[in-house]
Each structure stands twice: as C-alpha cells, then as structure tokens.
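Here are some brief notes to read beside the model. They cover the pocket, then the cores.

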Amino acid sequence: MIIDTKMIIGLLKYFFLFFTIFAFYGCQINETLSVIKESIKIDKNKSDYVVKIEEKPIIEETKNESLLNESINQPKNAKSKEEIIIPIENKDLALIYPKIKKKGLESSENKLDKNLVVGLLLPITGKFSKLGEKLINTVRLFPENNNFNIIFKIYNTNSTSKGARLALRQGLADNVKYYIGPISSKETYALKQIAKRNKITIFSLSNDKTNESQNIFISGISTASELSCIIENIIDKNGKNVGIIHDDGKYGKLVKNNINKLSEENEGISFSFLEKSNLINLDDEIRKFSGYDKGVITLKKEIENVKNLDIEDIDLTYRLEKLEKLETLGEKPFDSLIIAQSGNDLIEILALLAFYDVDASNVNIFGTNIWEGIHLSDEDVLDNTFYASRLSNKKEKYKEKYFELFRSYPNNLNYILTELIHFLIYNAGYLDDLKKIKNAIYNGNFGSIKLSEGGYFEREIFINEFKNGLLRQNFTCSIQNI
C-alpha cells in the first residue's frame with residue numbers, strides 16, 4: 001500500500017488546529033473568572049494603598065485559583081506607595097454603566113485634565129475587616145472606562161476612629177481631595193474637623209445625618225425615608241393601626257424614634273410597639289401583642305351564639321363548620337405590621353405570629369431594608385409580605401456576578417459604593433462646587449438618587465412583595481416627592 005506522506009501531514013495539521021480551537025473555547029470561561037477571582041494583596045501593617053484598574057492579558061487559571069482564599073498581604077513586586085494593579089479582562093463580567101438621564105448637566109467625563117483620584121477609607125484590619133474586603137471586591141468588579149481614568153487609593157481605617165484619622169492624614173499627604181468612606185458613624189465624626197480644615201470632600205457610607213457638614217456628605221441608606229415610604233404605602237392600602245416590632249439595639253431605637261416622628265405627621269394612624277429583648281419571653285409577648293386570647297374568646301362566644309340560633313339544621317351546620325376552622329375571630333390590634341428584624345430573628349417572629357393567627361392573610365406585614373436578600377430563604381412565612389428597598393430589582397444581575405466570583409452575596413454597602421463611584425465619575429467636573437449638582441436627579445444602576453441641600457443622598461424607595469417564591473415591585477416612592 002502506498003502512503004501519501006503529504007496527505008497524512010495535512011490531516012495531522014487539521015486535527016491539531018481543531019483540537020487547539022476546542023481547548024481554547026472550552027477553557028475560556030474558567031480562565032476569565034479566575035483572573036477576577038485573584039485577590040488584592042495588601043500589607044496590613046500599612047494604611048496607604050493605591051489601587052489602579054486597567055486591562056491585562058488573561059492569566060491561566062492554575063496560577064490564580066488559590067489566591068481567592070489567601071489573606072490580604074503586600075505583593076512582592078509592588079511598586080512604590082504599594083501600587084496594586086487589578087486586572088479587568090472581560091467587560092462582560094463588569095457592571096453595565098447606567099443610562100444618564102439627568103437634565104441640565106452635561107457629562108463631565110472630559111472636564112478634568114488629569115485622572116480622578118478617589119481615596120477609599122475602608123477597614124482592612126480590625127473588627128470590620130471582612131466588610132472592608134467585601135467593599136474592595138466592589139472596586140475589583142468596577143470596569144475601566146475607556147474615556148475616563150479613575151485611580152482608587154485605599155487607606156486602612158483599622159475599624160477605629162483613630163485609624164480613620166490616621167488614614168485620612170495619609171490621604172492628605174498624597175494630595176487626595178475626594179474620599180468615599182468610612183463606613184461607621186463614629187469614624188465619620190472623627191474626620192469632621194480634619195475635613196473642614198483641609199477643604200476636602202468626603203462621601204461617608206454611614207447613614208448618620210448628624211455628621212453632615214460642608215465637607216462631609218452622607219450616602220448611607222436613610223431609615224427615615226424608607227419608613228416614610230412604608231407608611232405611605234400603608235395609607236395607600238387604607239391602613240389605620242400599625243404595629244412595630246423592633247429590638248432594643250441601636251437600629252431598633254432608630255426605627256422607633258423615626259416612627260414616633262412620623263406619627264406626629266400622620267395623626268390619623270395609631271402606632272403600637274413591641275420591643276424584643278433578652279428580658280422578655282418573646283412567645284408570651286407576641287401572644288399578647290397579637291390579641292390572640294381576645295380573638296379566641298370572641299370566637300367561642302360567636303360559636304355559642306350561632307348554636308342558639310333558630311335556623312335550619314343545614315345552615316346551622318355550615319356556619320358552625322366555618323367558625324370551627326378559625327383560630328380567632330374579630331379584628332386584630334393592627335391592620336399593618338412593621339418588623340425591623342432580619343435573619344433568624346425575623347423568621348422566628350414571623351413563625352410565632354403565624355402560630356398566634358397573625359400572618360399575611362389578615363395583616364399587611366412590612367420589613368425594612370435589612371430584609372434585603374432574605375428572599376433567598378424558602379420560608380413560607382414570607383409569602384405575600386412586603387419590604388422597603390432603595391434598590392430596584394435590576395440589582396439581581398450584579399448580585400449574580402458578585403456571587404459567581406466571590407462566593408458571597410453583596411450587601412447594601414456594596415451597592416452604595418458602586419453607585420457612588422458612578423456618581424463621582426459622572427459629576428467629576430463639579431466635585432469642587434457641589435452646589436451646582438444638588439437636587440439634580442441621577443439615574444443610576446440600582447435606582448435614582450439626588451444630593452439634597454442638607455448634604456445627604458436621597459433615594460427612590462421601592463416596596464417589594466414576596467409572591468409565590470418571586471420578588472416583585474409593588475409600590476414606589478418617587479424621588480421627585482422627597
């Protein structure tokens with residue numbers, strides 16, 4: 001048999017080319033994901049970091065897959081001032097930039113002669129370090145804008161007021177004028193005088209409005225605004241009596257104080273409170289709060305009354321059977337209920353309420369923004385309940401990508417930080433005179449926001465409903481009315 005050498009060589013080349021293409025596309029997704037999974041390495045003994053986002057060639061997965069779980073340490077070949085390059089190779093994995101609809105302002109992306117430098121005052125060490133790492137992940141997901149260069153410098157607050165002051169002073173030494181953070185009210189308060197003396201701009205992630213000043217702007221979620229929206233929705237549903245369940249912690253007291261203020265503005269609504277603490281028997285207190293015993297007595301009296309009626313046996317049997325299926329009878333002490341709890345505490349409260357015949361079938365049940373993400377639970381007690389959120393349901397795409405890369409879900413601060421970065425880029429040309437952009441509405445990725453005259457961010461509020469395992473938008477408090 002005659003062997004055609006040229007034919008064999010040609011076939012081998014064909015198979016080799018086919019195999020190469022197959023292998024490349026088969027690994028492409030894993031390679032892309034592995035690059036973004038690469039952890040930022042930071043020296044915990046330092047408080048001055050530079051983070052710069054730029055494109056890099058794709059790195060093989062085998063070289064990076066172990067880095068996701070490493071502690072955050074300074075890279076061996078870091079440049080001066082600990083410059084760290086974070087690769088963003090695939091823009092499909094990054095955020096989609098929001099559609100800009102703000103009237104009266106042109107895009108300011110080209111109004112700066114040099115890069116926009118933003119200092120991030122984040123807790124890399126200390127009790128809030130895990131939260132700091134989650135926020136760094138937000139920066140890592142942020143895409144490079146081809147038309148605008150932004151440099152992030154991370155300064156470690158060490159989760160303390162003293163650490164925040166040291167971090168800010170290092171930022172000042174680097175001539176940084178604009179900052180995002182810190183995350184807590186105490187850390188933010190510690191920076192007020194420094195910010196004033198040096199005429200810098202700080203966008204705090206705290207929600208404490210008492211820290212507002214000419215130089216500090218509050219970007220955290222406003223509890224007052226979301227509770228106001230919940231009350232507006234209750235009024236829309238013809239609610240008159242509102243129960244509030246909260247704990248005795250700082251957040252619970254904040255909720256109670258804001259509800260008391262709202263009660264003064266809504267005289268037609270009555271409010272009653274149940275404070276959850278370690279000093280009470282929650283089961284007994286919810287039994288009293290729900291009016292269960294009174295409802296049981298009312299039901300028994302009604303059954304006796306029906307038995308004494310002079311009616312046909314068929315009608316009597318039907319009415320008795322209908323009553324005997326009930327646990328209680330009569331109106332509840334409230335037609336609407338706000339539960340300012342989350343996680344297992346929330347589920348426990350909802351389960352106890354259901355046991356004492358209070359559920360979404362006879363009372364409109366609302367939650368605050370701390371319910372965000374609770375729909376991941378399969379608990380039936382959540383069905384037909386509502387909660388307030390300043391995030392539109394468009395956040396789901398970001399949440400999926402964040403979880404895919406970091407194996408954890410983003411929290412409210414991740415969304416706020418993302419939104420702030422977009423906001424600063426869009427308004428880069430006005431950062432030295434924020435009066436020009438106050439009260440102008442910015443339509444971001446997760447909802448509309450505006451910087452108020454008072455120096456804090458107001459947000460569009462959504463009331464979401466859990467319905468048959470899905471989340472749907474039920475009511476909106478427009479930012480135009482805030």
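1. Which element gives the largest share of the lining of the largest pocket? In this predicted model, the answer is α7, with eight residues.

2. The largest pocket holds about 1,200 Å³ of space. Its lining comprises 41 residues. Asn207, Thr223, Lys250, Tyr251 and Leu254 are the closest to the pocket centre. Two or more lining residues come from each of α4 (185–189), α6 (223–236), α7 (250–265) and α13.

3. What is the make-up of that lining, by nonpolar, polar and charged residues? Polar residues number 18. Nonpolar residues number 13, and charged residues 10.

4. Now the interior. The largest nonpolar core contains 37 residues. Leu116, Leu120 and Ile180 have the most contacts inside this core. At least two core residues come from each of β3 (116–122), α2 (129–141), β4 (150–156), β5 (178–180), α13 (412–426) and β14 (448–451). Helix α13 gives the most, nine residues. Note that α13 also gives two or more residues to the lining of the largest pocket.

5. Look at Ile180 in detail. Leaving out residues up to four places away in sequence, Ile180 touches Val118, Gly119, Leu120 and Leu121. Ile180 also touches Phe203 and Leu205. Its other contacts are Leu417, Leu420, Ile421 and Leu424.

6. Another core, of 26 residues, lies apart from the largest one. Its members include Leu337, Ile347, Ile349 and Leu352.

Notes: Residues numbered from 1 in each chain as written. Predicted model: local features only at pLDDT ≥ 70, side-chain atom pairs only at ≥ 80, totals over all residues. Heavy atoms only, no water. Core = buried A, V, L, I, M, F, W, Y, C linked by side-chain atoms within 4.5 Å. Buried < 20%, exposed > 50% of the residue type's maximum accessible area, 1.4 Å probe, protein only. Helix = DSSP H or I, 4+ residues; strand = E, 2+ residues; numbered from the N terminus. Contact = heavy atoms within 4.5 Å. 1 Å grid on protein atoms, 1.4 Å probe; cavity = no way out; pocket = protein on both sides within 12 Å on 5 of 7 lines; lining within 4 Å. Points joined across faces, edges and corners; volume = space filled by probe spheres on them. Nonpolar A, V, L, I, M, F, W, Y, C, P; charged D, E, K, R; others polar.
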